[in-house]
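Please open the model in your viewer and keep the sequence alongside it. The tour below moves from one selection to the next and says what is to be found at each stop.

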Amino acid sequence: MRVASIELRMLGLPLVRPFRTSFGTETEKVCVLVRVETAVGAVGWGEGVTGPDPGFSEEWNEGLWLVVRDFLAPPVFAAGDLAAEDLDRVLGGVRGHPMAKAALEMAILDADLRARGIPLHQYLGGVRSEVDCGVSVGIHDDVADLLQTVERHLVEGYRRIKLKIEPGHDVGPARAVRERFADILFQVDANAAYTVEKAQRLAELDELDLLLVEQPLPEEDLLGHAELARALRTPICLDESIVSARVAEQAIALGACSIVNVKAGRVGGYLEARRIHDLCVERGVPVWCGGMLETGIGRAANVALASLPGFTLPGDTSASARYYAEDITAPFVLEDGRLSVPTEPGIGVAPIPEHLERFTTRVEKLLLD
Ligand code: OSB
Ligand code: MG
């Protein structure tokens, strides 16, 4: 296919409730949507997982916009006929910026698969028509409020609870959740908020029978995670650290993690995400699908990814209603703690034009000249 235009769109959607992590509180989902159109009129959609600031990683919305516009779009236009599999080579001159590359890759893959009539789950090698869903619960100051939030999600049917933690909001709230809900699948996520010294306290989590503790230390500290893994009984799962299949291989070899959170946006796209999945299956390392509060566009692709055989733990693939009163696509609805994998070609969903317009704050269209 030949990419004829790339449209960037900044969205702002109210979140149903604020989401607090160790790197900030979001009350509105602001992200960049990418729409590509091919020379023969096939359309594809991609979603950037960046947020408004470089709190999760170095990338953020405005940066993603500029990187796509000034550095990724030109070589894609210049490449002529291309497929998603060519992007590694075509974009090879741009270092880093995996989230920008992933957003563009998703749009190109969607357009290509739609034109060929192939659903993304099938292209990726999915084996399930529905996926088990967990929910990520933000930091709460008040433990009674936290227990109420967790209870509501359990009533909704979520099959696993993840609690955000940071120094000062960790063992106490986690213990309160475990004491109240003895049998649930339960894990915590620190988003790199700990130093090696402060992380010693996380050994107290060992008595809470957690599935895993996610990303306690800064992303570059693989040896620190390996050391911590030897000190804890709770398995360590890495999120921010795993920026490629190669790093995943090294992290596993070093003993820095025994479980991997796969986020296509964080690793440069769905093709690299699949390589990480394949590697982890080969190494016997369980994976699960992470989330970045995506709209229905990114969620559709995540649910397709989560249908691969190695995704044996419930993902942060929650229903649209967990995030938005109104999504830009038809809502993803939880049924018995699961979401259905889209069956239509490509990512299988598209924005509802009227919703898209309502939540759009800026558009820029780039054309092949
Ligand atoms: O670390 O997994 C994370 C949201 C934004 C940025 C980072 C993370 C998260 C979540 C939410 O935990 C997962 C979701 O429900 O999309
Ligand atoms: Mg995480």
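Throughout this tour, a residue is called buried when its relative accessible area is under 20%, exposed when it is over 50%, and partly exposed in between, with a 1.4 Å probe and protein chains only. This is a predicted model, in which local features need pLDDT of at least 70 and side-chain atom pairs count only at pLDDT 80 or more, while totals for chains, interfaces and linings use all residues. Residues are numbered from 1 along each chain as its sequence is written, chains are lettered from A and ligands numbered from 1 in the order in which they are written, and side-chain values use heavy atoms, with hydrogens and water left out.

**The metal site**

Select ligand 2, the magnesium ion, and then display its protein donors, Asp189 (OD), Glu214 (OE) and Asp239 (OD), which lie 2.1 to 2.3 Å from the ion. Donors here are N, O and S atoms within 2.8 Å of the metal (3.2 Å for Na, K and Ca), and since water is not among the atoms, sites may look incomplete. Along the chain these donors follow the spacing D-x24-E-x24-D. Asp189 lies in strand S7 (residues 186-189) and Asp239 in the loop between strand S9 (236-238) and helix H8 (245-254), so this pair ties together parts that are 50 residues apart in sequence. Helices (H or I, at least four residues) and strands (E, at least two) are DSSP runs numbered from the N terminus. Asp189 is buried, at a relative accessible area of 0%, and Asp239 is buried with a value of 0%.

**Salt bridges**

Keep Asp189 and Glu214 selected and add Arg160, Lys162, Lys164 and Asp316, since these residues are linked in a network of salt bridges. A salt bridge is a side-chain nitrogen of Lys or Arg within 4 Å of a carboxyl oxygen of Asp or Glu, and by this rule the count comes to 33.

Next, select Asp141 and Arg20, which form a salt bridge whose closest N and O atoms are 3.1 Å apart. Asp141 sits in the loop between strand S5 (135-137) and helix H5 (143-156), and Arg20 in strand S1 (residues 3-21), so the pair ties together parts that are 121 residues apart in sequence. Asp141 is exposed, at 61% relative accessibility, whereas Arg20 is partly exposed, at 22%.

Move on to Asp132 and Arg338, whose side chains meet in a salt bridge of 2.7 Å, N to O. Here too distant parts of the chain are linked, with Asp132 in strand S4 (residues 130-132) and Arg338 in strand S12 (residues 338-340), 206 residues apart.

For a bridge within one helix, select Arg275 and Glu272, with their closest N and O atoms 2.7 Å apart; being 3 residues apart in helix H9 (residues 270-283), they are separated by about one helical turn. Arg275 is partly exposed, at 37%, while Glu272 is buried, at 14%.

**Aromatic rings**

Which tyrosine rings should be selected as a tilted pair? They are those of Tyr323 and Tyr324, with their centres 5.8 Å apart and their planes at 35°. Rings of Phe, Tyr and Trp (its six-membered ring) pair if their centres lie within 6.5 Å, and planes under 30 degrees apart count as stacked, over 60 as edge-to-face and the rest as tilted. Tyr323 is buried, at 5%, and Tyr324 is buried, at 3%.

Finally, return to Arg160, which lies over the face of Trp288, at 5.0 Å from the ring centre. A charge sits over a ring if NZ of Lys or CZ of Arg is within 6 Å of the ring centre and within 35 degrees of the ring normal.
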